[in-house]
Amino acid sequence: MGFFINGKAVDDEHSNQSGTLKNIRFLTKDDDLDKIIQQGIYKTSIHYGLPANNPGNDVVQNSSYFTLLVINHDDAQVQQFVISENTIVWRWLYNGVPANSWRKAVFSDDLQKLNNRITALENKIGGGN
């Protein structure tokens, strides 16, 4: 049994199954994420240099190493996911042009941190319950 993302099997680059997400290659400083539209799995490492238009540390925790998943949709639309340490971000490209900025998924620990900050502020200003 394989591993599936968006209904597509994740497989290695030598597979001949159609519609699979294949391990393509390492990206380098010579790459640009706006131009990465071939469906597949890409890896990055600070050792090879990071590609242009990556989400950066302001969005991704430890952006020195991340995995890029590219999924092709119809009408020249591409969805990109960046997964790194405790972060997942995504965006859409249309004809190789970003349709939106990188958007970060929020996890329960992010919500707990926010709730703790709100409670601390409420206690400080005398608000809350």
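This passage describes the fold, the nonpolar core and the surroundings of one buried residue in a predicted model.

The chain has 129 residues. Its secondary structure consists of one helix and nine strands. Along the sequence, the elements follow the order β-β-β-β-β-β-β-β-β-α. The helix thus closes the pattern. Of the residues, 30% count as buried. The chain exposes about 8,400 Å². Carbon and sulfur atoms supply 50% of that area. Among contacts with a separation of 6 or more, 26% join residues 24 or more positions apart.

In soluble globular proteins, nonpolar side chains tend to be buried together. In this model, the largest nonpolar core has 14 residues. Within this core, L33, I36, L68 and V82 have the most contacts. Strands β5 (67–72), β6 and β7 (87–94) each give two or more residues to the core. I36 was examined further. Residues up to four places away in sequence aside, I36 touches R25, L27, D31, Y42, L68, V70, V78, Q80 and L93.

Strand β6 spans residues 77–84 and includes Q79. The relative accessibility of Q79 is 13%. Buried means under 20%, so Q79 counts as buried. The side chain of Q79 forms a polar contact of 3.4 Å with the side chain of H73. H73 is also among the contacts of Q79 that remain once neighbours within four places in sequence are left aside. The others in that list are L69, V70, I71, W90, R91 and W92. V70 appears in the contact lists of both I36 and Q79.

Definitions and conventions: Residues are numbered from 1 along each chain as its sequence is written. This is a predicted model: local features need pLDDT of at least 70, side-chain atom pairs count only at pLDDT 80 or more; totals for chains, interfaces and linings use all residues. Side-chain values use heavy atoms; hydrogens and water are left out. Helices (H or I, at least four residues) and strands (E, at least two) are DSSP runs, numbered from the N terminus. Buried means under 20% relative accessible area, exposed over 50%, partly exposed in between (1.4 Å probe, protein chains only). A polar contact is a pair of N or O atoms within 3.5 Å; within protein, one must be able to donate a hydrogen and the other to accept it, and residues adjacent in sequence count only if both atoms are side-chain atoms. Contact means heavy atoms within 4.5 Å. A nonpolar core is a set of buried Ala, Val, Leu, Ile, Met, Phe, Trp, Tyr and Cys residues joined through side-chain atoms within 4.5 Å. Accessible areas come from the Shrake-Rupley method with a 1.4 Å probe; for residues, only the protein chains shown count as cover.
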